[in-house]
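Reader: I would like a close look at one residue in this model and at the parts around it. A plain account will do.

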Amino acid sequence: MENIPQEILIEILIRLPVKSLIRFILVSKTWQCLITSPNFIFTHLKKIQNQPNKKHSLLLCRHYSRNDQTEHYSLHPDNDDFVHKSSKIRFPLKSKVGCYRIVGCCNGLVCLCDDMFGTFRLKPIILWNPSVQKSIELPLPSIQPYWDRSRIFLLGFGCDFQGFDYKVVRIVYDRLYGLSVGVEVYSLSTKSWKVLAHGPQTCPRYYITGFCLSQVFVNGVMHWLAHRRKGSFGNSIMGFDMKDEIFIEIFLPEALVDERAANLFLMKHGGCLAVMKYNGYENIYSLWVMKEYRNVESWKRLYNIGLVEGMENVIGFSNNGHLFVTMFVDEMFVSDPASGVLVSFDLESRKIKDLEIFGKLGSIYVENFVESLVLLEG
């Protein structure tokens, strides 16, 4: 093996799964240095991302059980083998409030915060790579919220794809006046927080709805559902560009501008920015998708989805277009109260498939996942 030219060795290794590469680190000091080098980690990730076959797509799932007071994580193929070919993931952390808030997931990294609702108290923020079982706790941010409970903070997590740097954006937010009073960004490459200068693009004047639960990372931008507080009033989308570190506004279709904000939430559909609207009177969800990013004319309503009795929350879509939904489970049938189960809902046949993920209703999480070597740097 020592006689193999390094460029050929790299071409062989970048085609291997993360689990194999973790084992090969032990082969020799040379292999360890190679596999844990930033260039190899970047090249391996790009190789995985460029694979055209969606049959190998993975989903990261999380649920919390009150019975054992434990967060359970697992990986599943995004196909008909969701249940039968799943693998459990050891979660090395223990929340002090039940379960962590999952801020976001990007390129194999999961950002977690030990505060389920963005409370005023400073709580640990964690970056965790389940594939390599490594995590780091971020240093304390610079901007401290007041202790009078008038301020909370919003978090967003994503990647600057040009510089390939992972970032956490933190917005300190005055909930009495609906204004952000400070913005700072954590960079994994510098391992430090940076306070952004105040200005119209760095301290946006939006009212953020839903305690930041409605957020999604698309096209290198973190998005939140927001409400404009100047000019024309109404719902909008606030975005934070991870590369340029500025805020942008994306306008909603006219049909959603004056809708009750609690009935809207952001999601991804086919890699595009999307908004789901809930009609409580008819128990129907409408899916709006922005086909061309930042082009307000490209918003299209794709579906009107009538849910089945017992369905609670729409989580997202699978590769085959089925809907991931949580369903309420009656306490007569389970020992864990307020529990739900994750199901797959075929929009055409209206068939429901039990995916065997049980847990506290608000804790069930499903997101696309890419196994990577990020955080393994030597």
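Reader: Is F324 buried or exposed, and what is its relative accessibility?

Author: F324 counts as buried, because its relative accessibility is 4%. Buried here means under 20% relative accessible area, exposed means over 50%, and partly exposed is in between, with a 1.4 Å probe and protein chains only. Residues are numbered from 1 along each chain as its sequence is written. This is a predicted model, in which local features need pLDDT of at least 70, side-chain atom pairs count only at pLDDT 80 or more, and totals for chains, interfaces and linings use all residues, while side-chain values use heavy atoms and leave out hydrogens and water.

The protein chain has five helices and 25 strands, where helices (H or I, at least four residues) and strands (E, at least two) are DSSP runs numbered from the N terminus. Of its 378 residues, 50% are buried. Its accessible surface, by the Shrake-Rupley method with a 1.4 Å probe and, for residues, only the protein chains shown as cover, is about 18900 Å², and carbon and sulfur atoms hold 52% of that.

The aromatic rings come next. Rings of Phe, Tyr and Trp (its six-membered ring) pair if their centres lie within 6.5 Å; planes under 30 degrees apart are stacked, over 60 edge-to-face, and the rest tilted. The whole structure holds 14 such aromatic pairs. In one of them, Y73 and W128, the ring centres are 5.1 Å apart and the planes stand at 80°, so this pair is edge-to-face. Y73 sits in strand β2 (residues 70-77) and W128 in strand β6 (residues 125-129), so the pair ties together parts 55 residues apart in sequence. Both rings belong to buried residues: Y73 has a relative accessible area of 2%, and W128 is at 0% relative accessibility.

F324 enters through its pair with F82, which is tilted, at 6.2 Å centre to centre and 40° between the planes. F82 is in the loop between β2 and β3 (87-89), whereas F324 is in strand β22 (residues 323-329), so this pair ties together parts 242 residues apart in sequence. F82 is buried too, with a relative accessible area of 2%. Y73 and W128 also belong to one aromatic cluster with F91 and Y100.

Long-range links can also be counted over the chain. Contact means heavy atoms within 4.5 Å. Among contacts between residues at least 6 apart in sequence, 48% join residues at least 24 apart.

In soluble globular proteins, nonpolar side chains tend to be buried together. A nonpolar core is a set of buried Ala, Val, Leu, Ile, Met, Phe, Trp, Tyr and Cys residues joined through side-chain atoms within 4.5 Å. The largest one has 50 residues, and F157, Y166, V168, W224 and L373 touch the most other members. Strand β8 (residues 151-160) gives the most to this core, five residues. Apart from this core lies another, of 20 residues, which include V289, I305, L307 and V329. Leaving out residues up to four places away in sequence, L373 touches V18, L21, I22, I35, F40, I41, H44, N129 and V132.

W224 also serves as a reference for F265: their C-alpha atoms are separated by 8.9 Å, at 41 residues apart along the chain. F265 lies in strand β17 (residues 264-269) and is buried, with a relative accessible area of 19%.

A polar counterpart is S187 in strand β10 (residues 179-187), buried at 9% relative accessibility. The side chain of S187 makes a polar contact with that of D165 at 2.4 Å. Such a contact is a pair of N or O atoms within 3.5 Å; within protein, one must be able to donate a hydrogen and the other to accept it, and residues adjacent in sequence count only if both atoms are side-chain atoms.

Two backbone positions remain. Most residues other than glycine have a negative phi. N107 has a positive phi of about 50° although it is not a glycine, and E245 likewise has one of about 55°. N107 is in the loop between β4 (101-106) and β5 (109-113), and E245 in the loop between β15 (234-241) and β16 (246-250). Both are buried: N107 at 10% relative accessibility and E245 at 12%.
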